[in-house]
Amino acid sequence: MLEIKKLSKKYNNKIIFKEANLTLNGGQILGLIGINGSGKSTLINCCLDLVKVDLGNILINGKEHTKLKDEDKLKIGIVAESIPLIDSLDARRYLKFIGEIYKMENELLNHRIESLLAYFFSENDNLKETIDNFSTGMRKKLLICSSMLHAPDLLFLDEPFSGLDEVSRRKVLNILKDYSNNKRSILITSHNSELLESIVTDVAVIENYNIINYGSIQNVTNNFQVSLREFLNDKFIDSSVLNISW
Ligand SMILES: Nc1ncnc2c1ncn2[C@@H]1O[C@H](COP(=O)(O)OP(=O)(O)OP(=O)(O)O)[C@@H](O)[C@H]1O
């Protein structure tokens, strides 16, 4: 479904990836983990051809990512900071616009819009207001709605939980569990290891300009006998360098 082969990427002279590989198969929910600035968003933006790769190949459903046709793109959904909302529209009109881009049939589109809005928003949220009046969390929830509207096979979710309250985070987890099946794949980045642990099937970590696929979440937690959070703490936190005179 997604295959990244020997991806190399630099910004100016700064290396982000050096011959990095990653495979995401149908049915997998892959948690992509890395410290700030390690390249998680860059990787997603490369897959979406929003950022050019220097070397290597990215295949989406077997096709070179730069050569996807419109019908191939209909199978992809995205939550990313780089995807803007249209501030002058209200939520329904925005989702309608997105659904029309995805060539959705009208009745199905209206049904999905109402179901998703009812799921994510409460009566206290004034959905008649234009998006420029939305809070950070409302914007994020609307982005999530738009990413799933057309039921894509491949979802890229860059920090879907950030800016969300606890209830909304649980709602995102629940809808992803409900949505995932053996044909759909999700690549998800998050700094919240507990949320990730409860949803992902697989774990990959960006390390030394490469992507280390640690395999299934059971492998990670069983092999290392720790939770994902402890695994990441051990990997990334070196308390010995905490040397501050207070
Ligand atoms: N357009 C750009 N031009 C130059 N450097 C960039 C650009 N975008 C990102 N970078 C650099 O590339 C590195 C990776 O950034 P990226 O945003 O992909 O990391 P990230 O893992 O998503 O980080 P975070 O967890 O903080 O969101 C960072 O050092 C960042 O400064």
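# Close-up views of a predicted model

Leu32 sits across from Thr189 of strand 8. That pairing is a good way into this structure, which is a predicted model.

**View 1. Strand 8 and the neighbours on its two sides.** Four bridges tie strand 3 (residues 29–33) to strand 8, and the two run parallel. Strand 7 (residues 154–158) also runs parallel to strand 8, joined to it by five bridges. Look for Leu157, which has Ile188 of strand 8 as its bridge partner. Then find Asp158, whose bridge partner in strand 8 is Thr189. So what stands opposite Leu32 in strand 8? Thr189 again, the residue we began with.

**View 2. Strand 8, inside the structure.** Is strand 8 (residues 185–189) enclosed or open? Five of its five residues are buried, so the rest of the structure largely encloses this strand. In a regular strand, side chains alternate between the two faces of the sheet. Here, Ser185, Leu187 and Thr189 are on one side, while Ile186 and Ile188 are on the other. Both faces are covered, and every one of these residues is buried.

**View 3. The six-stranded sheet.** Step back from strand 8 and you see an open sheet of six strands in the order 6-7-8-3-9-10, with mixed pairing. At its edges are strand 6 (76–79) and strand 10 (210–216), each of which pairs on one side only. From one strand to the next, the twist averages 15°. Helix 1 lies across strand 3, strand 7, strand 8 and strand 9, and runs at about 145° to strand 7. Helix 5 packs on this sheet too, touching strand 6 and strand 7, and its direction makes about 175° with that of strand 6.

**View 4. The four-stranded sheet.** Which order do the strands take in this open sheet? The four of them go 2-1-4-5, with antiparallel pairing. Strand 2 (14–24) and strand 5 (63–64) are the edge strands, each pairing on one side only. Further in, strand 1 (residues 2–11) and strand 4 (residues 55–60) are antiparallel and share five bridges. One pair to look for is Leu2, which stands opposite Ile60 in strand 4. Helix 1 packs on this sheet, touching strand 1, strand 2 and strand 4, with its direction at about 115° to that of strand 1.

**View 5. Leu2 and its surroundings.** Zoom in on Leu2, which belongs to strand 1. Why does Leu2 count as buried? The cut-off is 20 or more other C-beta atoms within 10 Å, and Leu2 is buried because it has 21 of them within that distance. Skipping its neighbours within four places in sequence, Leu2 is in contact with Leu24, Cys47, Ile60, Leu154, Ser185 and Leu187. Leu32 is 30 residues away from Leu2 along the chain, and their C-alpha atoms are separated by 13 Å.

**View 6. Helix 1 and what covers it.** How many of the eight residues of helix 1 are buried? Six are, which leaves this helix mostly covered. The buried ones are Lys40, Leu43, Ile44, Asn45, Cys46 and Cys47. These buried residues pack against strand 1, strand 3, strand 4, strand 7, strand 8 and strand 9 (202–207). After the helix comes Asp49, whose phi is positive, near 60°.

**View 7. The shell around the ligand.** Now for the ligand, which is surrounded by Tyr11, Ile16, Gly34, Asn36, Gly37, Ser38, Gly39, Lys40, Ser41 and Thr42. Which element gives the most to this shell? Helix 1 (residues 40–47) does, with three residues. Sorted by class, the shell has two nonpolar, seven polar and one charged residues.

**View 8. Helix 4 meets helix 5.** Two packed helices are described by the angle between their axes and the distance between the axes. For helix 4 (residues 106–120) and helix 5 (residues 136–148), the axes come within 10 Å and cross at roughly 150°. The crossing of helix 4 past helix 5 is right-handed. At the contact, Leu116, Leu117 and Phe120 of helix 4 meet Lys141, Cys145 and Met148 of helix 5. Five of the contact residues are nonpolar, none is polar and one is charged.

Notes:
Residues are numbered from 1 along each chain as its sequence is written. This is a predicted model: local features need pLDDT of at least 70, side-chain atom pairs count only at pLDDT 80 or more; totals for chains, interfaces and linings use all residues. A residue is near a molecule or strand if its C-beta atom, placed from the backbone, lies within 6 Å of it. Ala, Val, Leu, Ile, Met, Phe, Trp, Tyr, Cys and Pro count as nonpolar, Asp, Glu, Lys and Arg as charged, and the others, Gly among them, as polar. Axes are lines fitted to C-alpha atoms, for helices over the stretch in contact, and angles run from 0 to 180 degrees between N-to-C directions. A crossing is left-handed if the near helix is turned anticlockwise from the far one by less than a right angle, and right-handed if clockwise. Two residues are in contact if their C-beta atoms, placed from the backbone, lie within 7 Å. A residue is buried if 20 or more other C-beta atoms lie within 10 Å of its own, exposed if 12 or fewer, and partly exposed in between; C-beta atoms are placed from the backbone. Two strands pair if DSSP finds at least two bridges between them.
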